Amino acid sequence: MKGILFGCAYYDEYMVYERLEKDMQMMNEAGMNTIRIAESTWSCHEPQDGVFDFSHVERVIEAADKAGISVIVGTPTYAIPPWLAAKHPEILADTGHGREKYGRRQNMDITSPAYLYHAERIIRKLMEASAKAPNVIGVQLDNETKHYGTCSANVQKMFLAHLKSEFGDVSRLNKAFGFNYWSNSVSSWEDVPDVTGSINASFVAEFNKFRRNLVTEFLSWQSQIVKGYLRDDQFVTHNFDYHWKGNSYGIQPDVNHKHAQKALTLVGCDIYHPSQDLLTGAEAAVCGAAAYGLKKRNYLVLETQAQGLTNWTPYPGQLRLQALSHLASGASGIMYWHWHSIHHSNETFWKGVLSHDLEPNETYWEASQIGKELESLSQLKDLKKASQVAILASNESLEGIERFPFPGGKLDYNDVFRWMHDSLYEMNIEADVIFPEDCEDLDKYKMILVPALCCAPDSLLDALGAYTSNGGFLVSSFKSGFFNEYMEARHEIMPLPHVFGIAYDAFTEPREVPLISPLLPEGAKASVWMEMLRPESAEVLVWYNHPSWGKYAAVTKEKRGNGSAAYIGCYMDKDCLKPLLESFLKDAGLWGEPQNAQFPIIIRNGIAQSGQAVHFYFNFSPDSAKQPYYHEDAVDLLAGKEYAKGGLLEFEPWGAFALLEKA
Amino acid sequence: MKGILFGCAYYDEYMVYERLEKDMQMMNEAGMNTIRIAESTWSCHEPQDGVFDFSHVERVIEAADKAGISVIVGTPTYAIPPWLAAKHPEILADTGHGREKYGRRQNMDITSPAYLYHAERIIRKLMEASAKAPNVIGVQLDNETKHYGTCSANVQKMFLAHLKSEFGDVSRLNKAFGFNYWSNSVSSWEDVPDVTGSINASFVAEFNKFRRNLVTEFLSWQSQIVKGYLRDDQFVTHNFDYHWKGNSYGIQPDVNHKHAQKALTLVGCDIYHPSQDLLTGAEAAVCGAAAYGLKKRNYLVLETQAQGLTNWTPYPGQLRLQALSHLASGASGIMYWHWHSIHHSNETFWKGVLSHDLEPNETYWEASQIGKELESLSQLKDLKKASQVAILASNESLEGIERFPFPGGKLDYNDVFRWMHDSLYEMNIEADVIFPEDCEDLDKYKMILVPALCCAPDSLLDALGAYTSNGGFLVSSFKSGFFNEYMEARHEIMPLPHVFGIAYDAFTEPREVPLISPLLPEGAKASVWMEMLRPESAEVLVWYNHPSWGKYAAVTKEKRGNGSAAYIGCYMDKDCLKPLLESFLKDAGLWGEPQNAQFPIIIRNGIAQSGQAVHFYFNFSPDSAKQPYYHEDAVDLLAGKEYAKGGLLEFEPWGAFALLEKA
Amino acid sequence: MKGILFGCAYYDEYMVYERLEKDMQMMNEAGMNTIRIAESTWSCHEPQDGVFDFSHVERVIEAADKAGISVIVGTPTYAIPPWLAAKHPEILADTGHGREKYGRRQNMDITSPAYLYHAERIIRKLMEASAKAPNVIGVQLDNETKHYGTCSANVQKMFLAHLKSEFGDVSRLNKAFGFNYWSNSVSSWEDVPDVTGSINASFVAEFNKFRRNLVTEFLSWQSQIVKGYLRDDQFVTHNFDYHWKGNSYGIQPDVNHKHAQKALTLVGCDIYHPSQDLLTGAEAAVCGAAAYGLKKRNYLVLETQAQGLTNWTPYPGQLRLQALSHLASGASGIMYWHWHSIHHSNETFWKGVLSHDLEPNETYWEASQIGKELESLSQLKDLKKASQVAILASNESLEGIERFPFPGGKLDYNDVFRWMHDSLYEMNIEADVIFPEDCEDLDKYKMILVPALCCAPDSLLDALGAYTSNGGFLVSSFKSGFFNEYMEARHEIMPLPHVFGIAYDAFTEPREVPLISPLLPEGAKASVWMEMLRPESAEVLVWYNHPSWGKYAAVTKEKRGNGSAAYIGCYMDKDCLKPLLESFLKDAGLWGEPQNAQFPIIIRNGIAQSGQAVHFYFNFSPDSAKQPYYHEDAVDLLAGKEYAKGGLLEFEPWGAFALLEKA
């Protein structure tokens with residue numbers, strides 16, 4: 001595992017005829033060095049209760065070894081075999097709409113004792129059969145674990161115990177959750193009702209937080225088991241996946257990645273993204289930053305698309321550009337899901353490297369080119385990222401927007417998160433993703449952006465306030481600070497008036513309310529949400545243009561010693577947000593020559609293990625382009641050509657440069 | 001209770017810190033004189049089975065008394081406490097999709113004996129604790145009661161008993177409902193199937209009528225209990241609510257208000273309406289008329305919005321205009337839902353007078369202005385309305401359109417109802433809302449409009465026919481008279497040929513069929529529904545312009561002695577309906593100088609207790625306006641200025657005049 | 001049953017007052033000669049368990065006989081009586097979403113023993129009561145039978161037995177269905193899970209095929225029973241209905257008509273279609289061809305609309321044009337659903353010949369004209385159709401597209417089927433509908449079109465290949481041959497490279513990819529689905545115009561000896577498909593003078609019993625039109641006027657000619 005990991009998921013179990021050696025050879029020829037196996041096929045490994053058969057696992061590890069290919073072994077616990085469901089139907093989760101039926105994966109109650117018993121057994125047997133192999137480099141725990149909506153009786157009992165421990169007595173529970181509303185208050189723990197019928201946002205949010213924690217505990221439990229079998233050089237990973245909107249989109253609602261990552265020694269994730277004309281690289285950047293931020297270290301892209309879904313079939317050059325984008329975000333490895341398109345069942349049209357004909361094809365040939373190039377880029381492995389800007393991600397605030405959506409559900413939390421991130425991305429400002437747990441470590445950033453941080457304890461708000469006192473530049477969107485950690489709306493004047501120098505108590509859904517500011521383009525409008533900001537000490541950057549609300553501010557900026565705190569009180573197009581952020585970035589000294597380039601030219605930076613600076617220049621466009629090179633003299637590791645500062649990069653369509661500054 | 005009631009719902013139980021005295025003082029300063037309490041918080045009043053605690057009720061009544069504020073006490077029975085659901089899960093309604101879960105309000109079976117037992121006990125205890133207080137002026141029964149979709153076994157048994165009593169033997173049932181269709185006929189009462197699977201419109205409609213009657217019986221039962229505790233000066237009310245389409249919209253499908261009002265001594269209702277640019281006053285008018293029509297007396301607006309939903313945040317001036325609109329429709333009181341925005345649970349973004357910061361704000365200040373003005377308008381309390389036009393509302397016909405929707409569901413009953421009402425409203429023609437039960441009293445109206453009266457017994461059709469013989473002007477929309485009271489399509493030539501002088505047997509969904517008439521604007525078109533009218537004795541006012549259907553009439557008018565009967569055989573834009581109605585109104589002598597003003601200038605009239613005529617002039621527009629005053633010399637009670645007939649009223653944006661004619 | 005059957009469904013049971021004799025007289029006067037009775041009214045025939053009452057049946061047969069009207073008796077088994085559901089609730093199908101509720105028709109498990117026992121008894125009793133009557137000409141088995149989504153336990157047990165018999169041991173099952181995917185493989189038959197939760201397309205598809213077979217078996221069982229009571233001159237029929245998309249649209253997903261027809265001696269079907277401006281005759285043609293193709297013989301249209309749904313109310317002339325369209329497609333009879341509009345229940349606004357007023361009306365009068373004309377057309381009864389073109393319909397491929405829909409579900413199988421059929425129809429090319437079972441008999445066609453034949457066994461692909469070798473012209477759409485008969489994606493180079501001379505392995509959802517070809521109109525674009533065809537030996541007719549995919553072909557043509565095989569690799573507008581098909585038809589010598597006429601002028605052809613050629617010329621337009629007559633000298637049987645070849649037909653709006661060539 002010295003170079004950059006490059007490979008794919010491999011399912012010998014799904015193959016329609018014997019091809020193992022041929023596949024290993026084709027991979028080897030394509031420069032692939034790693035496969036991931038076994039995570040979906042429990043019923044093959046244990047065809048009957050207590051009868052084990054690891055022949056697929058063993059022969060694949062062996063064949064891979066012969067071909068010089070490393071293996072990541074996945075525990076197969078996210079898809080139970082039919083006999084287990086038949087024997088223990090209670091394993092299938094009760095989601096509040098009845099018990100799940102057997103068939104699909106990820107429909108079990110991950111707290112079910114019968115499930116845990118059998119899961120532990122198959123994990124141990126699989127580890128015994130595979131962990132010792134020299135080419136097994138690591139283990140993936142389960143697969144895209146979530147809580148699968150379980151609210152079966154035992155889970156609710158565990159939740160009740162959690163509430164008792166959190167609140168001590170019911171009167172505190174009643175008060176914290178506002179249970180007096182609609183006659184929901186309880187006088188004994190026994191009367192706490194089934195959460196699945198509840199309309200109480202605090203209660204439901206706490207239950208969801210509790211369920212996210214079930215995932216943390218589950219992965220930690222698997223990790224303990226697995227670690228007993230591993231050498232020091234073998235890693236424990238998991239493929240975290242993101243909020244799914246037809247592709248990887250943002251913060252995962254059902255898992256707290258920041259908590260769950262403690263079970264791992266190496267973070268992994270799945271990143272799927274739009275393709276063809278819609279390929280922008282934004283998902284590689286934002287999901288990559290979110291993965292990097294978990295341990296503030298490099299991560300594996302354990303799944304990303306080869307040919308993928310029908311409307312993702314890549315244009316020539318895109319597969320390569322995608323791989324380089326992951327590398328530029330700090331990925332230590334890129335693995336396709338999956339090697340061969342599946343001939344049966346359900347994901348038949350989620351295509352792998354090979355099509356159903358199992359022959360070399362355009363995608364295979366481009367992967368082969370990538371395989372070769374990655375070898376030449378091996379010094380860029382474990383690239384350090386060193387952003388001066390961070391975006392704060394909050395599972396609790398995501399939950400808050402779920403409970404109390406913006407009008408018409410037109411925006412969710414991740415839309416606001418991506419709105420801020422992508423605006424930066426398009427201006428070639430790289431941003432770390434940080435979490436509430438990181439709040440002791442804010443001062444290293446020159447700017448922190450806070451999207452829709454609606455749920456936050458006092459401590460977090462205080463930390464953000466202190467950050468500005470210490471000279472940081474805080475940029476908050478609307479709605480921030482509205483609720484405390486139990487989804488109780490704050491009754492102090494909001495939001496953080498001492499920080500932002502404003503107050504407000506009214507808001508509405510604007511019907512095309514124009515915005516007035518010299519910073520904004522003609523035709524700028526508030527949409528979806530607007531707060532009527534009353535500036536106190538803050539400077540007003542943008543006003544609403546409205547017969548009734550013209551006296552209110554839309555965007556303000558407060559100077560606090562060396563620090564600043566900007567508040568964006570309404571949603572607007574990204575084309576309006578960008579010039580606003582530009583003005584803040586200039587204030588903060590974060591605007592430089594590279595900002596002359598803008599999307600579709602994307603510049604990404606890092607520090608190689610050698611300490612040398614690295615700059616990726618990408619062209620997310622079907623057109624050729626010429627672009628000045630803004631950094632110190634460097635060599636393009638891809639083409640081997642040297643570029644002096646100010647030199648001209650000539651892009652192919654979907655082209656890329658990987659420039660290593662001279663030592 | 002001498003002046004106009006003005007106040008809000010108040011929830012001490014929901015408050016996040018002690019503020020009772022401060023709140024009472026703030027209300028008092030705002031001219032608020034009444035609060036409504038206790039209707040949502042059974043679990044506070046009875047935290048355990050048989051353990052009662054009315055401390056919130058008692059301290060609020062006391063504090064209100066000190067501040068000179070009256071109290072309406074609501075029985076808390078629409079939201080049961082958790083312990084009750086836990087003990088008697090059968091209380092939760094079985095809706096045909098399984099039993100309801102505990103959590104939200106209004107999900108119980110209101111016929112459940114266990115529910116009724118506990119409801120009666122808490123009502124009696126609450127009355128004992130509150131009714132004697134001098135400042136308790138009345139009691140609200142339950143809250144927005146409906147049948148909540150119950151079709152649990154006992155309800156279906158009661159329904160079967162009803163059918164037996166209605167039809168005597170099954171052969172009459174089979175015939176009345178057409179049960180032979182699709183093999184549904186029964187030969188014994190035992191075989192009458194579960195109504196929840198039925199496709200028989202008559203059966204389902206009768207069940208829904210039966211369920212509406214459950215509400216009537218429930219409120220009557222509560223009324224009997226409550227009245228035992230009340231002084232003569234204390235009223236019994238209930239907040240009827242309307243068909244909800246994002247706001248109060250029309251006739252309530254699940255309650256027959258005309259029947260249910262018998263339980264009350266004073267009608268109350270909830271009226272919520274669009275706001276900001278969409279504020280028209282139409283809801284205050286139509287829902288107000290529907291409330292006034294129940295007892296042909298004044299009513300309370302027990303709930304209306306202060307800040308309300310996110311997209312309702314009022315423009316300056318709108319809160320005041322709204323209050324005056326209710327007054328002009330005959331409201332004796334206006335109460336906001338609610339005093340303070342709630343910090344928890346579910347309706348957190350349905351804001352009250354105060355925002356979550358609980359500080360004075362724009363809405364509070366405008367409410368304070370209203371409070372002061374209402375004092376000066378106290379002689380307008382219990383304004384008598386004396387319309388010469390009425391619109392007939394029919395729960396049974398609403399049900400009929402639900403069972404057999406217009407093509408594509410593009411219109412429902414209330415759409416047709418509002419289409420007629422709002423056309424009148426915009427032309428400043430006030431209309432009473434009347435009900436089938438009022439049909440002995442039709443002759444006092446010069447014109448009666450009948451929207452989509454698809455279900456009607458012979459007696460009602462006869463009464464409408466007699467009305468025209470007696471000189472009235474009857475205006476019917478399409479579809480009227482189609483079904484009898486059991487949803488049997490009439491097999492006589494339709495509709496009422498002897499009244500309207502027409503026949504038809506065919507209808508269709510028009511695809512943009514132009515209408516020809518000198519009365520209509522260019523481009524007039526039939527849409528959604530058209531009947532091919534064959535004029536017999538009637539005059540044709542509008543023809544269809546169509547290659548196949550040009551021989552059919554769209555709108556006809558029949559003279560019958562002194563009376564007239566117009567039939568509008570198709571749906572069209574309101575801009576087409578208005579000139580048609582204008583021609584009818586002119587025929588009927590109902591068109592006068594005030595009709596020179598049209599929406600957004602709205603004129604509303606009444607007779608003060610003193611016998612003096614009152615005229616409200618409203619400007620539902622963000623623009624200033626000048627408007628001649630059309631009535632006899634009067635004084636504007638708001639500004640204290642006198643206006644002679646023909647004088648010029650100068651409107652502020654969203655401005656209003658309340659003009660009392662000189663004695 | 002000598003002439004063309006003409007009549008309607010008649011429900012004495014539903015009539016609101018005694019009208020039997022009057023109705024028979026009105027029918028007789030309208031030239032109606034046949035009614036269909038009894039199929040919906042089991043509860044009338046057997047009001048209690050074992051108590052029979054056929055008075056409605058007997059009196060209607062008798063009254064019909066007096067009026068010279070024939071009767072088709074329907075077995076009433078598709079709608080069970082309430083007492084049967086009450087006694088045997090297990091009869092109601094368990095659909096995987098719980099057991100069906102009593103109320104609607106067609107919700108039973110057609111394999112339930114209790115159902116079959118009672119069904120057999122009522123069938124036998126009904127046959128005893130009716131079959132001997134001289135004017136009973138045939139029996140309809142059940143009504144629009146389907147499997148009603150049953151997946152109750154006994155059905156799944158039968159399915160398991162089917163799997164055992166099909167696969168012998170579980171390892172073959174695992175392999176055929178790819179059960180290893182997501183850990184679904186089984187090691188014993190007992191572990192085969194409930195199909196209702198499955199995500200395995202092969203498993204679900206096989207279950208659906210099995211369920212279609214339940215219908216075949218059920219009709220065969222009824223047929224056996226009924227035949228015991230029939231004279232030789234009495235037919236056994238059934239009204240097959242089509243995939244419903246607001247009207248009859250295409251191949252029925254839930255029944256394999258080709259298999260099920262074996263139970264019948266005369267095929268019947270229901271054909272409902274859009275009307276008014278949307279009447280094109282395409283449904284009469286395509287559904288008619290699908291019915292004709294079942295036995296390659298004439299069929300009855302047992303149901304079609306009179307006035308029908310609200311937006312179907314026919315224009316003058318349309319009812320007649322519709323009847324002639326059915327005749328021209330090979331129908332031996334046309335029967336309306338239904339005589340009188342129903343006054344109750346559910347289909348009240350699906351109107352019959354008579355409206356609810358039960359008086360003669362426009363529709364009745366036009367039906368009377370048709371009745372008279374059909375008498376003069378009696379020599380056109382049982383017209384032979386002799387198309388040189390066929391379209392292959394495949395239930396299995398329909399299922400395939402259901403399991404793996406085109407992107408966004410924008411096209412289903414029948415959309416592709418209709419796309420091909422309707423393009424031919426509009427160019428006046430008549431096409432037979434053929435089925436996989438017909439593949440021994442392909443060579444009689446000059447051209448065979450294959451829409452989206454995604455699921456096909458090798459034998460079918462081989463037969464299609466052989467057809468081209470034998471000189472046929474095969475035209476395939478995209479996706480053909482993708483799966484084998486068990487929904488396993490083929491891993492050979494696809495599709496049929498030896499036949500089409502192409503290969504492809506990639507496809508995508510095109511975002512407006514232009515098509516380049518001299519054959520296509522300006523602006524031609526691929527949409528929904530495109531395959532990147534790599535021509536090997538084939539000629540490329542159409543290329544994609546795309547920066548990345550310009551090297552791939554969209555449409556190709558391969559010459560194979562005398563035969564040809566064209567492949568259309570993408571979806572495009574019908575206006576693009578038509579010129580492509582035109583070029584193929586010209587190649588195949590199928591383009592002649594009649595192709596100068598195009599929709600809305602439609603020409604249909606057949607051979608009368610006498611051997612004389614017959615040509616129908618139709619005008620599907622509200623405008624008059626003049627049209628040359630292209631065939632040999634003939635007489636228009638409708639107007640009695642003679643036309644020489646080249647003579648001018650002068651069309652009324654929605655007009656028609658029925659031209660019999662001179663003997």
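**Entry 1. The sheet in chain B**

I began with an open sheet in chain B, nine strands in the order β5-β4-β3-β2-β1-β11-β10-β9-β6, with parallel pairing. I looked up its edges and found β5 (235-237) and β6 (239-240) of chain B, each of which pairs on one side only. I note that the model is a predicted one.

I then read off one pair of strands from this order. Strand β2 (residues 34-37) of chain B is parallel to strand β3 (residues 70-74) of chain B, and I count four bridges between them. For B:Arg36 I find B:Ile72 as the bridge partner in β3(B).

**Entry 2. Strand β10 of chain B**

Is strand β10 of chain B buried or exposed? I checked residues 299-305 and found seven of the seven buried, so the strand is largely enclosed by the rest of the structure.

I looked at its two pairings in turn. With strand β9 (residues 267-271) of chain B, β10(B) forms five bridges in the parallel sense. Here I have B:Cys269 opposite B:Val301 of β10(B). With strand β11 (residues 331-337) of chain B, β10(B) again runs parallel, joined by five bridges. I note B:Trp337 in β11(B) as the bridge partner of B:Gln305.

Which helices take part in the β-α-β units that include β10(B)? I traced β9(B), helix α10 (residues 282-295) of chain B and β10(B), and recorded a right-handed β-α-β unit. I also traced β10(B), helix α11 (residues 318-329) of chain B and β11(B), and that β-α-β unit is right-handed as well.

**Entry 3. Chain A as a whole**

I moved to chain A and looked up its overall figures. Its secondary structure comes to 17 helices and 31 strands. The C-alpha trace spans about 75 × 75 × 40 Å along the principal axes of chain A.

I compared the radius of gyration with the globule rule. For 663 residues a compact globule would have a value near 26 Å, and chain A has 26 Å, so the two agree. Of the 663 residues in chain A, I have 59% as buried. I also took the contacts in chain A between residues at least 6 apart in sequence, and 75% of them join residues at least 24 apart.

**Entry 4. How chains B and C are related**

I superposed chain C on chain B. The operation is a rotation of 120 degrees with 0.0 Å of shift along its axis, and the RMSD is 0.0 Å. I record this as the relation of a three-fold axis.

**Entry 5. The contacts of chain C**

I took the contact with chain B first, and it draws 45 residues from chain C and 37 residues from chain B. On the side of chain C that touches chain B, the elements giving two or more residues are α2 (42-45) and α4 (82-87) of chain C. Which element gives the most to that side? I find α4(C), with four residues. By class, I sorted this side of chain C into 20 nonpolar, 17 polar and eight charged residues.

I then turned to the contact between chain C and chain A, which takes 37 residues from chain C and 45 residues from chain A. On the side of chain C that touches chain A, the elements that give two or more residues are α8 (201-227) and β17 (507-508) of chain C. I sorted the residues of that side into 15 nonpolar, 14 polar and eight charged.

Notes: Residues numbered from 1 in each chain as written. Chains lettered and ligands numbered in written order. Predicted model: local features only at pLDDT ≥ 70, side-chain atom pairs only at ≥ 80, totals over all residues. Contact = placed C-beta atoms within 7 Å. Nonpolar A, V, L, I, M, F, W, Y, C, P; charged D, E, K, R; others polar. Buried ≥ 20, exposed ≤ 12 C-beta atoms within 10 Å, placed from the backbone. Pairing = 2+ DSSP bridges. Right-handed = clockwise from strand over helix to strand, strands pointing away. Rg over C-alpha atoms; globule rule 2.2 N^0.38 Å. Least-squares fit on C-alpha atoms with pLDDT ≥ 70 in both.
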